[in-house]
Structures are given as structure tokens and as C-alpha cells.
Amino acid sequence: MTDPAELPKALAPNVFPPESVDLDGVHLRRPTLDDVEALHEAIKSSFTELSMWMPWCTDPVEIEQQRGFLESAMSSWTSQSMFCWLIVGAGNDLIGTISLMDRIGPGGLEIGYWLRTDATGRGVMTRAAAAVTDLGLALPGIDRVEIHCDAANLRSAAVPKRLGFRLDREEHSGVDTPGKSGLHQFWITP
Ligand SMILES: CC(C)(COP(=O)(O)OP(=O)(O)OC[C@H]1O[C@@H](n2cnc3c(N)ncnc32)[C@H](O)[C@@H]1OP(=O)(O)O)[C@@H](O)C(=O)NCCC(=O)NCCS
């Protein structure tokens, strides 16, 4: 697979999506450093599922790692390389994150996501990914949004499938978490 650092950027300078989005029953917002404890707790409570697929979710999960992630998410928004929103529920509880990343070359943005395990099974990520896809496609110069996942990650692949993305291709890649098969899927907006 191509090294994202070698690809030209898709976004022109000073192009940003909204920092906060209201969806049916959940809210997306830009994180701050004050979110570190809630983020840490959500990740710890979801360790069994996250560690199967997310290479950054290692045992033990350290709060300093989440602080580093939040710092990088804040600066990546400013530099336009990644727009990360926290997904918060009706009670303002942090139930996951979704990001739009400028790392797949001209015309395209990639979505990445995870949910707190006890917030799965309710269509939250499908709604969030639909909204973020629309936000991405509304940005100047963007004509496709992609979701990448391992072929064995059926719950993740079900999200783009439900949204009508097409499976563009599969490529062999490394296995860096216990759940992965090593076959990487590329789902793309039609
Ligand atoms: C990938 C992940 C976010 C998917 O979560 P999810 O809960 O399956 O996805 P959604 O929130 O869209 O919910 C879909 C489920 O809710 C159900 N649902 C209920 N109401 C729904 C609605 N209005 N719309 C869509 N689905 C709905 C669907 O039928 C589906 O249920 P099923 O899994 O029994 O088929 C989650 O499994 C996760 O965080 N995994 C670990 C991290 C990970 O793998 N990240 C991606 C790496 S590529």
C-alpha cells in the first residue's frame, strides 16, 4: 500500500468542515484536552473489541497515550490532515470517535472510527459515517470518501456497505492486531 506521507494533499488551504454536528440522538464535536479522562475510560471499557482491530489499543491502555492522541487531533485539525470528532450521546457521554483524514491523495478523504462497545448495535456509527461522508463530499475538491478495513472486520465493513459504498478493491497488508486477516478492503462512495 502507498505510504500516505508520499501522497499529495486533497484539501486546499483554509478548508475546514464544521466543528460540531447534531445528529439524531448523538452529537459530533471537536475534542479538547479536557476529554482525556472520558476518552481513556471509553477505550478501557471497550478494550476487548478495540484491541482486535486498532493497533494503538494495546494492553495496558495508558491515559498518556490518549492525551497524546488528543494533542495530535487538535493540531491535525489546524493543519487539515485529520478532522477528528468525538461522538457524544444524549447525556454528553463520550461513546466513540470518527475522523476524516486527508491521506489518500487528490480528490479523496478517508473515514476512520470506533465506538464504545456498549454503544454498538444501535446504528450510531452508520449515522455518524453518513453525516461525515456528506461533510467530506461538501468540501471543495473532494469527490470521493473511502472507508478502509480488514476483510475479517465484518462489523466495520457493514458500515460502508449499509451506506451504499462499493468495495473497490482488496489488497494484502500486514497483520498488526489479533483480529486481522491481512486482507485490506477499500470501500469507496459510488
Ligand atoms: C466498527 C464499529 C464502529 C461498528 O459498530 P456497529 O454498532 O456495528 O455499527 P452501527 O453503530 O452503525 O450499528 C449497526 C448495528 O445497529 C443496528 N441498527 C439499529 N438501528 C439502526 C439504524 N437506525 N441504522 C443502522 N443500523 C441500525 C444494525 O442492524 C446493526 O446491528 P447488527 O450489528 O446486529 O447488524 C464497532 O464495531 C467498533 O467500534 N469496532 C471496533 C473498532 C473498529 O473495528 N473500528 C473500525 C476499524 S476499520
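The exercises below work through one helix, the ligand site and some backbone details of a predicted model.

Residues are numbered from 1 along each chain as its sequence is written. Because the model is predicted, local features need pLDDT of at least 70 and side-chain atom pairs count only at pLDDT 80 or more, whereas totals for chains, interfaces and linings use all residues; side-chain values use heavy atoms, without hydrogens and water.

**Exercise 1. Check the span of helix H3 (residues 63-78), and determine which of its residues are buried.**

Step 1. Helices (H or I, at least four residues) and strands (E, at least two) are DSSP runs, numbered from the N terminus. The expected span of a helix is 1.5 Å times one less than its number of residues, so the 16 residues of H3 should span 22 Å, and the 23 Å between its end C-alpha atoms agrees with this.

Step 2. Buried means under 20% relative accessible area, exposed over 50%, and partly exposed in between (1.4 Å probe, protein chains only). By this criterion Gln66, Leu70, Ala73, Ser76 and Trp77 are buried in H3. Seen down the axis, these buried residues fall within an arc of 130° (taken from the directions from the helix axis to the C-beta atoms), so they line one face of H3.

Step 3. Turned away from that buried side, the other face of H3 carries the exposed residues Glu64 and Thr78. The cover over the buried residues, counted by contact (heavy atoms within 4.5 Å), includes helix H1 (36-45) and strand E3 (82-88).

**Exercise 2. Describe the polar contacts of the ligand and how much of the ligand the protein buries.**

Step 1. Residues count as near the ligand if one of their heavy atoms lies within 4 Å of it; of the 20 residues around the ligand, Leu115, Gly121, Met125, Thr126 and Asn153 come nearest.

Step 2. With a polar contact taken as a pair of N or O atoms within 3.5 Å, a polar backbone atom of Gly121 is 2.7 Å from a ligand oxygen, a backbone N or O atom of Arg122 lies 3.2 Å from a ligand oxygen, and a polar side-chain atom of Arg162 lies 3.4 Å from a ligand oxygen.

Step 3. Taken alone the ligand exposes 940 Å², of which the protein buries 71% (Shrake-Rupley method, 1.4 Å probe).

**Exercise 3. Is Gln80 buried or exposed, and where is its place?**

Step 1. Gln80 is in the loop between H3 and E3, and its phi is near 70°, a positive value in a residue other than glycine.

Step 2. Its relative accessibility is 13%, so Gln80 counts as buried.

How values were computed: Polar contact = N/O pair within 3.5 Å; in protein donor to acceptor, adjacent residues only side chain to side chain.
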